[in-house]
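Me: Could you take me through this structure, beginning with any enclosed space inside?

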Amino acid sequence: MHDTETTHDTEISYGSGTAYGSEAFTAELTRAAAHVTPAFADLPDRPLTVRGASELSGTAGDELARQYDAHGFALVEFTDERVTEDTHLLACKALGLGEPFVPQLYTLGNRVAPPVSVISASANAGTEAGNHPSFGRSVGQELHVDGTLQPMGMIKATLMSCQTPAVQGGVNTFFDSVGAYAELLRTDLPAALALANPRVLVRRANINGSNEAKTGPVYAVIEDRLVGHYCLTDTDSFQTVEDVSPEDFARGLAALAEAARPGSPYLRTVTLRENQAVIFDNTRLSHGRTAYEDSSGNRRCLFRTLHVRHPQTESAS
């Protein structure tokens, strides 16, 4: 969606505070972009394998963290252990992710929100989670980043583990949003700057009776790193603002849309199999999924946690 500026909701905190449009602002973006490498070059052709989640506290966890740093995501398969909520939490601990972060949005109305979200149309049927637009439904999801109302860059990592895959569909899509933006900074600076305006992206809640919205940039520099918030869901929208050229803004959005097309070097798909997990960098990649179908023998069930840390295993700390 692309509108003129109409929202007066809270701005998302971002960046170093350098004034938008200044020479220092532009320099900050270009310096950060110079350190961005293509996420999906030389991807491993198979998941890392471990017997169980506890092994991720050792050298296997170091390798998973290395792949995460290099590619923005990493896959692991548990060969001798069934994925459960407990297994998922053990993996969180082993990877040094800390306690899962639960957004305040999930606790509105005195709700008790578990640290591990269950993503399953079947398991959530008839429960309050069944009303969640992604956890309780089998529809597809457009590209987005986790943490709708959280400050930009706060949610560092997302861990998803698969107990049971769907009989069909449920393919996870990863877009190297920051890599595509770094290229745009090199090839069309005015278009890239338009996407860094602090009021061009509007993110709106749509669960638990909330429709709170926050505005922010699509891209910013946080702690000297480029961070992306490229989101295309029904509750995310782009708006033109007075100090941004509509033509520049349109070119920027068009460039990202082209970079996110199938076959692009900035796009990859992953289908999680039984007892596999993926951890991805929520500050670097946007993600989505295709719609899925269940059967009596295959009812898709994934577990998900959000984290304010990147993986850091004990042996590497």
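Reply: On a 1 Å grid over the protein atoms alone, a cavity is a set of points where a 1.4 Å probe fits but cannot get out, and its lining residues have an atom within 4 Å of a point. This is a predicted model, where local features need pLDDT (the predictor's confidence in each residue, from 0 to 100) of at least 70, side-chain atom pairs count only at pLDDT 80 or more, and totals for chains, interfaces and linings use all residues. Residues are numbered from 1 along each chain as its sequence is written, and side-chain values use heavy atoms, with hydrogens and water left out.

Me: OK, how many cavities of 30 Å³ or more are there?
Reply: The structure holds three of them, and the second largest has about 40 Å³ of space, a volume being the space filled by probe spheres set on the points, which are joined across faces, edges and corners.

Me: Which strand gives the most to the lining of that second one?
Reply: Strand β19 (residues 301-307) does, with three residues; the lining includes R304, T305 and L306, as well as F101 and Y106.

Me: Switching topic, how confident is the prediction, as mean pLDDT?
Reply: The chain has a mean pLDDT of 91, with 90% of its residues at 70 or more. Over residues 6-13, however, the pLDDT is below 50, and this stretch has 24 contacts (heavy atoms within 4.5 Å) in the model beyond near neighbours in sequence.

Me: And what does L195 touch?
Reply: Leaving out residues up to four places away in sequence, L195 touches several residues, among them Y181, V200, F249 and L256.

Terms used:
On a 1 Å grid over the protein atoms alone, a cavity is a set of points where a 1.4 Å probe fits but cannot get out, and a pocket is an open set with protein on both sides within 12 Å along at least five of seven lines; lining residues have an atom within 4 Å of a point. Helices (H or I, at least four residues) and strands (E, at least two) are DSSP runs, numbered from the N terminus.
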